[in-house]
Amino acid sequence: MPSRELPDTCARPWRSSGWSDNRNVTKLLELMVHRGEAAVAGRMGGDRLWDLAERVCPDTPAVPVHEALRLRDDRRLRALGIARARGPECQVEPADVGNAGEPAVVEGVRGKWRVDPARSGQPFVGRAALLSPFDRLIHDRRRTTEPFGFDYQLEMYKPAAKRRWGCFALPILYGDRLVGKLDATADRKAGVLRVDAVHEDERFTQAMSVEIGREIDDLARWLDLELALPG
């Protein structure tokens, strides 16, 4: 069932300076997920449907803690490709990979990294892509800044006058480089994806502009909106 159908009988409400203030049932369910007692069984529109974990998760033998941690670190490193052994504090999905993979050094960057050996020596074919601000490639700002030299921060919570790139700017990936940000607004009432600005961290070549333009076109089609370019 959705969380709104569960009664709120808390004796002491959840206090926060953010969006979760007094969201007692939601916070309770999320804590129960961490304890292995509840799980998301599906969705109904925009609502998560909750159930007991024992009715959602497969009935398989429990993995010993040390083995579970090793598997978790291996999977994280496989997804990230390269990461620090220890990452910044993050309640949702830390970037720590422990001793997974092999040690590596990034030229021009201080300290040691861990690399997924399955990725070493493999051919690479890059492409242009618009990334979500929550994409794991840029989720860790230090990891984004050090090897990629890319300065980025999600600015949706900043006052408009203090934003550098836009409310929900999308990082632009081109090949193996992060080259800019797309500031665009989905105006559903007008039926358009309005491109407010394309910030170039490095000057786009004609080939880059063409490929990135295709990605912006694809985004508009995916949103079922007409594309409105500046000017």
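Is Arg194 buried, partly exposed or exposed, and what is its relative accessibility? At 33% relative accessibility, Arg194 counts as partly exposed; the terms mean under 20% relative accessible area for buried, over 50% for exposed and in between for partly exposed (1.4 Å probe, protein chains only). Before you look closer, note that this is a predicted model, in which local features need pLDDT of at least 70, side-chain atom pairs count only at pLDDT 80 or more, and totals for chains, interfaces and linings use all residues. Residues are numbered from 1 along each chain as its sequence is written, and side-chain values use heavy atoms, with hydrogens and water left out.

**View 1. Arg194 and its partner Asp187.** The side chains of Arg194 and Asp187 meet in a salt bridge, at 3.7 Å from N to O. A salt bridge here is a side-chain nitrogen of Lys or Arg within 4 Å of a carboxyl oxygen of Asp or Glu. Asp187 is partly exposed, with a relative accessible area of 24%. By this rule the model has 19 salt bridges.

**View 2. Lys181 meets Asp201.** In this salt bridge the closest N and O atoms are 2.9 Å apart. Lys181 lies in strand 8 (residues 177-187) and Asp201 in the loop between strand 9 (192-200) and helix 6 (206-222), so the pair ties together parts that are 20 residues apart in sequence. Helices (H or I, at least four residues) and strands (E, at least two) are DSSP runs, numbered from the N terminus. Lys181 counts as buried, at 2% relative accessibility, whereas Asp201, at 38%, counts as partly exposed.

**View 3. A salt bridge within helix 6.** Here the side chains of Asp218 and Arg221 meet, with 2.2 Å from N to O. Both residues lie in helix 6, three residues apart, which is about one turn of the helix. Asp218 counts as partly exposed at 35% relative accessibility, and Arg221 counts as exposed at 57%. Elsewhere, salt bridges that share partners join Lys27, Glu30 and Arg48 into one network.

**View 4. The largest nonpolar core.** A nonpolar core is a set of buried Ala, Val, Leu, Ile, Met, Phe, Trp, Tyr and Cys residues joined through side-chain atoms within 4.5 Å. This one has 18 residues, and Leu130, Ile172, Val179, Leu182, Leu193, Ile212 and Leu219 touch the most other members. Two or more residues come from each of strand 6 (128-130), strand 7 (170-174), strand 8, strand 9 and helix 6. Which element gives the most to this core? Helix 6 does, with five residues. A second, separate core of nine residues includes Ala129, Trp165, Ala169 and Leu178.

**View 5. The surroundings of Leu193.** Contact means heavy atoms within 4.5 Å. Leaving aside neighbours within four places in sequence, Leu193 is in contact with several residues, among them Ala184, Ala186, Ile216, Leu219, Leu223 and Leu227.

**View 6. Positive phi at Asn22 and Asp224.** Phi of Asn22 is near 65°, a positive value in a residue other than glycine. Asn22 lies in the segment before helix 1 (24-34) and is partly exposed, with a relative accessible area of 40%. Where is Asp224 found? Asp224 sits in the loop between helix 6 and strand 10 (226-228). Asp224 has a positive phi of about 60° although it is not a glycine, and at 68% relative accessibility Asp224 counts as exposed.
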